Amino acid sequence: MLTEEILVFVVPVVAFALTAAAGYFSVKARSLAASLMLGLVWAGFTVAMFFGIENASGWDGLGYLIGLLFISAPTGLGLGIGSLVGWLKNGNTSHA
């Protein structure tokens, strides 16, 4: 495999793993500020990518689309799953 092909797989997996761990530990520590900051940084990056796509002309928007697919989507998914697992392991579930 070429280096570029490896990067296509490694970057999303690393982004997912790092944000899943960050979301897990911030929720597990009950740090609302850290959890909120992680979510705001992810949302800001995603919004910036969408604005970039909207303002791009021709093939220029392809870089923004790649950023959304290979960075924003895995980080958002990792943050959501990590936060959910941290919340569930923290004992915050209520049985009705």
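This is a short tour of the structure, one selection at a time. What you have open is a predicted model.

**Stop 1: the first two helices**

Select residues 3–28, which form helix H1, and residues 32–55, which form helix H2. Turn the view until you can see both along their length. They pack at an angle of about 150°, and their axes are 8 Å apart. Anything over 145 degrees counts as roughly antiparallel, so that label applies to H1 and H2. Their crossing is left-handed.

Now show the side chains where they touch. On the H1 side, pick Ala22, Gly23, Ser26 and Val27; on the H2 side, pick Ala34, Ser35 and Leu38. What classes of residue make up this contact of H1 with H2? There are four nonpolar and three polar residues, and no charged ones.

**Stop 2: Leu36 and Gly23**

Stay in this area and click on Leu36, which is in helix H2. Is Leu36 buried or exposed? Its relative accessibility is 51%, and the cut-off for exposed is over 50%, so Leu36 counts as exposed. Draw a distance from its C-alpha to that of Gly23: the two are 13 residues apart in sequence and 9.8 Å apart in space.

**Stop 3: a pair of rings**

Next, select Tyr24 and Phe25. A search of the whole structure turns up one aromatic pair, and these two residues form it. The arrangement is edge-to-face, with 5.0 Å from centre to centre and 75° between the planes. Phe25 itself is exposed, with a relative accessible area of 54%.

**Stop 4: the loop**

Move on to Arg30, in the loop between H1 and H2. What is odd about its backbone? Arg30 has a positive phi, about 60°, although it is not a glycine. For background, most residues other than glycine have a negative phi. Switch on a surface and look at Arg30 again: at 60% relative accessibility, it counts as exposed.

**Stop 5: Asn90**

Keep Arg30 on screen and add Asn90, which sits in the segment after helix H3 (61–89). Which residues does Asn90 touch, leaving aside those up to four places away in sequence? They are Val27, Lys28 and Arg30. Arg30 counts as exposed, whereas Asn90, at 18% relative accessibility, counts as buried. Val27 should look familiar, too: it was among the H1 residues that meet H2.

**Stop 6: the second and third helices**

Now show H2 together with H3. This pair packs at an angle of about 160°, with axes 9 Å apart. That makes H2 roughly antiparallel to H3. Here as well, the crossing is left-handed.

Bring up the side chains again. From H2, the residues in contact include Leu38, Trp42, Phe45, Met49 and Phe50. Among their partners in H3 are Tyr64, Leu65, Leu68, Ile71 and Leu79. Glycines take part as well, including Gly39 and Gly52 in H2 and Gly61, Gly67 and Gly76 in H3. By class, the contact has eleven nonpolar, eight polar and no charged residues. Leu38 is worth a second click: it meets H1 and it meets H3.

**Stop 7: Val47**

For the last stop, pick Val47, another residue in helix H2. With a relative accessibility of 43%, Val47 counts as partly exposed. Finish by drawing a line from its C-alpha to that of Gly58. Those two residues are eleven apart along the chain, and their C-alpha atoms are separated by 20 Å.

Note on methods. Residues are numbered from 1 along each chain as its sequence is written. This is a predicted model: local features need pLDDT of at least 70, side-chain atom pairs count only at pLDDT 80 or more; totals for chains, interfaces and linings use all residues. Side-chain values use heavy atoms; hydrogens and water are left out. Helices (H or I, at least four residues) and strands (E, at least two) are DSSP runs, numbered from the N terminus. Buried means under 20% relative accessible area, exposed over 50%, partly exposed in between (1.4 Å probe, protein chains only). Contact means heavy atoms within 4.5 Å. Axes are lines fitted to C-alpha atoms, for helices over the stretch in contact, and angles run from 0 to 180 degrees between N-to-C directions. Angles under 35 degrees count as roughly parallel, over 145 as roughly antiparallel, 65 to 115 as roughly perpendicular and the rest as oblique. A crossing is left-handed if the near helix is turned anticlockwise from the far one by less than a right angle, and right-handed if clockwise. Ala, Val, Leu, Ile, Met, Phe, Trp, Tyr, Cys and Pro count as nonpolar, Asp, Glu, Lys and Arg as charged, and the others, Gly among them, as polar. Rings of Phe, Tyr and Trp (its six-membered ring) pair if their centres lie within 6.5 Å; planes under 30 degrees apart count as stacked, over 60 as edge-to-face and the rest as tilted.
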